[in-house]
Amino acid sequence: MMSIADGVSDLPSSTPSSLVALVCAAGRSSRFSSGDSKIFSDVAGASVLLRSVQAIQAHPLVRATVILCPEPEVRRIEALFLKSASAASAAVLHVIPGGETRQLSVQAGLQFALRVLSLADSELVLVHDAARCLVLGSQVSAVVEEAARSGAATLAVPVTDTIVRAAAPVAGGSAPAIAQTLRREELWAVQTPQVFRAELLLKAHQAASARGETSATDDAGLVRHLAAVSLVMGSTENLKITRSTDLAVACQILKAREGTKEEG
């Protein structure tokens with residue numbers, strides 16, 4: 001089991017021999033127009049959740065995957081994977097209740113990994129949003145490889161739009177005003193998966209809890225308080241299914257990928 005010491009061992013760590021994956025699927029899908037959770041939506045013949053998990057479990061270092069979901073959906077998700085002929089073995093897949101926030105869900109996954117999976121300091125922990133069902137195996141491998149070298153890494157893409165910081169509306173108006181234009185060349189949009197040395201991720205969550213923080217939406221943001229986090233080039237195709245319209249986009253991306261395979 002992992003020791004919970006005051007400090008974090010020097011980085012980088014040695015190359016890990018195994019990896020535990022945490023898939024966050026406990027969101028409320030508040031911006032999704034369908035009455036059902038977005039993770040059960042079909043994308044070209046398979047659910048969003050199934051595609052996301054399969055992409056992660058295809059990596060050879062993954063020894064166990066823990067899906068964090070709302071408690072009422074635990075049995076439904078277990079049934080989903082039992083019915084899928086291509087799903088991973090039940091021996092390496094666990095479905096447990098998540099928390100009220102993404103941060104609390106990851107903490108629940110870490111505690112489960114410590115208690116049940118005997119998570120070790122030297123292992124890597126991969127955290128992935130279930131809603132990112134288009135991540136490629138090559139991207140998973142790239143971020144795992146970088147985390148094995150440096151201790152912490154996340155997929156991300158450079159921002160192409162001009163980004164501004166908003167200020168209060170001009171007197172008499174209702175629309176916010178531009179307070180500052182940010183330097184685009186310094187901005188990246190963070191994606192998942194994110195991969196960290198287990199000890200480092202645990203310490204980052206302990207530190208966040210000590211600060212009274214419970215609603216962080218990004219683990220890389222928590223880890224950066226303790227150590228540098230490498231940015232690994234992702235792709236704009238690694239979109240997060242947020243609204244119903246995103247499903248159509250995802251289907252088109254998968255269709256284009258299949259067409260590329262056939263041409264090759």
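User: Which residue stands opposite Ser 230 in strand 11?
Analyst: Ala 153 does. This is a predicted model. Ser 230 itself belongs to strand 11, residues 230-233.

User: Why is Ser 230 called buried?
Analyst: Its relative accessible area is 19%. The cut-off for buried is under 20%. The value falls under that cut-off, so Ser 230 counts as buried.

User: What makes the link between the side chains of Ser 230 and Glu 146 a polar contact?
Analyst: The distance is 2.8 Å. A polar contact needs a pair of N or O atoms within 3.5 Å. The pair meets that limit, so the label applies.

User: Which residues is Ser 230 in contact with, leaving aside neighbours within four places in sequence?
Analyst: Glu 146, Arg 149, Ser 150, Ala 152, Ala 153 and Thr 154. Take Thr 154: Ser 230 is 76 residues from it in sequence, yet the C-alpha to C-alpha distance is 6.3 Å.

User: How do you know that strand 7 and strand 11 pair?
Analyst: Four bridges join them, in the parallel sense. Pairing takes at least two bridges. Four satisfies that, so the two strands count as paired. Within this pairing, Thr 154 stands opposite Leu 231.

User: What is the covered face of strand 11, and what is the uncovered one?
Analyst: Ser 230 and Val 232 form the covered face. Leu 231 and Met 233 form the uncovered one. In a regular strand, side chains alternate between the two faces of the sheet.

User: In which sense do strand 7 and strand 10 run, and how many bridges join them?
Analyst: They run antiparallel, with six bridges. Pairing requires at least two, so this counts as a pair as well. One of the bridge partnerships sets Ala 156 against Val 190 in strand 10.

User: Why is strand 7 described as largely enclosed by the rest of the structure?
Analyst: Six of its seven residues are buried, and therefore the description holds.

User: Is Thr 154 buried or exposed?
Analyst: Buried. Thr 154, a residue of strand 7, has a relative accessible area of 1%. The cut-off is under 20%, so the label follows. Its contacts beyond four places in sequence include Val 143, Val 190, Pro 193, Ala 220 and Val 232.

User: What makes Ser 47 a buried residue?
Analyst: Its relative accessibility is 10%. That value lies under the 20% cut-off, so Ser 47 is buried. Ser 47 lies in strand 3, residues 46-47. Its contacts, neighbours within four places set aside, are Ile 39, Phe 40, Ser 41, Asp 42 and Leu 80.

User: Where does the backbone nitrogen of Leu 50 lie relative to the side chain of Ser 47?
Analyst: It lies 3.0 Å from a polar atom of that side chain. The polar-contact limit is 3.5 Å, so this distance is within it.

User: Why is Arg 76 said to lie over the face of Phe 40?
Analyst: Arg 76 is at 3.6 Å from the ring centre. The rule asks for CZ of Arg within 6 Å of the centre and within 35 degrees of the ring normal. The distance is within the 6 Å limit, and Arg 76 lies over the face.

User: How many aromatic pairs are there?
Analyst: Zero. For a pair, the ring centres must lie within 6.5 Å.

User: What about the chain as a whole?
Analyst: The chain holds seven helices and 11 strands. Buried residues make up 47% of its 264 residues. Among contacts with a separation of 6 or more, 78% join residues 24 or more positions apart.

How values were computed. Residues are numbered from 1 along each chain as its sequence is written. This is a predicted model: local features need pLDDT of at least 70, side-chain atom pairs count only at pLDDT 80 or more; totals for chains, interfaces and linings use all residues. Side-chain values use heavy atoms; hydrogens and water are left out. Buried means under 20% relative accessible area, exposed over 50%, partly exposed in between (1.4 Å probe, protein chains only). Contact means heavy atoms within 4.5 Å. A polar contact is a pair of N or O atoms within 3.5 Å; within protein, one must be able to donate a hydrogen and the other to accept it, and residues adjacent in sequence count only if both atoms are side-chain atoms. Rings of Phe, Tyr and Trp (its six-membered ring) pair if their centres lie within 6.5 Å; planes under 30 degrees apart count as stacked, over 60 as edge-to-face and the rest as tilted.
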